[in-house]
Amino acid sequence: MLRIAVLGAAGRMGRAVLSCVFEADDLALAGAVIEPSDRLLGRDAAELVGMDAVGVPLTDERKQALHSAQAAIDFTLPSATEANLKACIESGTALVIGTTGLEDRQRKAMEKAASEIPIVYARNMSVGVNVFMDLVGRTARALGDGYDVEIIEAHHRYKVDAPSGTALAIAERIAEAKGRKLDELAVYGRHGRTGPRVPGTIGFAVVRGGNVVGEHTVRFIGAEEQVEFTHEAADRKTFARGALRAARWAAGRAPGL
C-alpha cells in the first residue's frame, strides 16, 4: 500500500486527488495539507469529498502530513512550491508537481531539490494530454514550415495564468521540432492592424469561462489542407489519476527530475 500526502488538499485538484486515492486499492492517504485559514482545519480529510472519516486530519503542517508518506502530490500555487520542496527533502518523500505558472526561481529550486529526492514535474498530468503532445510534436516535424500553427485553449473562469501551462508545453514541443526556441516564435495576442502572419510563428488564443475543465486544440493550417488535434478533459480526475500514476512510478526511486 503506497502512502500518499496531498498538498493543497482543499483545492479543486486536491479534492480530485483525494477522491482517486480513496478509490484505489493500492493507495492510502498519509496526510493532507490545507491553508491555516481554512475553516476545515483539524477536520477529517474525507470531509472534503463527502466521505466517511478515514482518520487523517486536515493540517497546515507539512511535516505532520509528510511524516509517513512515500510520495506527495502538489497541486498548489507557485508561491508554495519552494516550501513544499523543502518539506519533502526533509522527510525524504518523492514529489509529484502539477502546479502551473512556475517561474525561473521555482524551477531552479525544483532542479536543486531533485539532487536529493525523486521529482516528477508536468504542466499537465493527464496521460492523454502527454500522448497528445507527443503526436503534435511528431506532426510538426513531419509537416515542416509549410503549415501555420495555432493553439486554442479554454479553461474555467478561475484560472489565473494564460496561456495555460499545457498550451505552452505543446508550443515548446512544436518549436523544438522546428529547431527553434518558443520565445522566438510565440504570438500571444492579435489586435488592430497586425499585418500579415509571420511565417513559422505559433499563435495562441485563450478562452476563459464557466467551469471548463480544460480544452486544447492545435491546428496545422496549410495552403490546401488542415490537420487538427483536440484534447478535452471532462473531469479533473484525469489529472489526478495521472499524478498518482506518476507517484507510483517515483516512490522509492533514486533522486532525479
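Which residues in α1 meet Lys 237, Phe 239, Ala 240, Arg 241 and Leu 244 in α8? Keep in mind as you click around that this is a predicted model.

**Stop 1: α1 against α8**

Select residues 12-23 for helix α1 and residues 237-250 for helix α8. From the α1 side, the residues to show as sticks are Met 13, Ala 16, Val 17, Ser 19, Cys 20, Val 21 and Glu 23. By class, this contact splits into eight nonpolar residues, one polar and three charged.

Now turn the view to look at the axes. They sit 8 Å apart, and the helices pack at an angle of about 60°. That makes α1 and α8 oblique to each other, and their crossing is right-handed.

**Stop 2: the Phe cluster**

Next, pick Phe 132, Phe 220 and Phe 229, which ring pairs link into a cluster. The structure holds three aromatic pairs. One of them is Phe 132 with Phe 229, an edge-to-face arrangement with 6.4 Å from centre to centre and 85° between the planes. Colour by element of secondary structure here: Phe 132 belongs to helix α5 (residues 127-143) and Phe 229 to strand β11 (residues 226-233), so to speak a link between distant parts of the chain, 97 residues apart.

Swing over to Phe 220 and Phe 229. Their ring centres are 6.4 Å apart with the planes at 80°, so this pair is edge-to-face. Are these rings buried or exposed? Phe 220 and Phe 229 are both buried, and Phe 132 is buried too.

**Stop 3: α5 against α6**

Stay with Phe 132, since it also takes part in the contact between α5 and α6. Select α6 as residues 165-177. On the α5 side, show Val 129, Phe 132, Met 133, Asp 134, Val 136, Gly 137, Ala 140 and Arg 141. Their partners in α6 are Thr 166, Ala 169, Ile 170, Arg 173, Ile 174 and Ala 177. This contact counts nine nonpolar, two polar and three charged residues.

How do the axes run? Those of α5 and α6 come within 8 Å and cross at roughly 30°, and the two helices are therefore roughly parallel to each other. The crossing is right-handed.

**Stop 4: a cis peptide bond**

Last, zoom in on Ala 162 and Pro 163. The peptide bond from Ala 162 to Pro 163 is cis, with omega near -10°. To place Pro 163, look in the loop between β7 (148-155) and α6 (165-177).

Technical notes:
Residues are numbered from 1 along each chain as its sequence is written. This is a predicted model: local features need pLDDT of at least 70, side-chain atom pairs count only at pLDDT 80 or more; totals for chains, interfaces and linings use all residues. Side-chain values use heavy atoms; hydrogens and water are left out. Axes are lines fitted to C-alpha atoms, for helices over the stretch in contact, and angles run from 0 to 180 degrees between N-to-C directions. Helices (H or I, at least four residues) and strands (E, at least two) are DSSP runs, numbered from the N terminus. Angles under 35 degrees count as roughly parallel, over 145 as roughly antiparallel, 65 to 115 as roughly perpendicular and the rest as oblique. A crossing is left-handed if the near helix is turned anticlockwise from the far one by less than a right angle, and right-handed if clockwise. Contact means heavy atoms within 4.5 Å. Ala, Val, Leu, Ile, Met, Phe, Trp, Tyr, Cys and Pro count as nonpolar, Asp, Glu, Lys and Arg as charged, and the others, Gly among them, as polar. Rings of Phe, Tyr and Trp (its six-membered ring) pair if their centres lie within 6.5 Å; planes under 30 degrees apart count as stacked, over 60 as edge-to-face and the rest as tilted. Buried means under 20% relative accessible area, exposed over 50%, partly exposed in between (1.4 Å probe, protein chains only).
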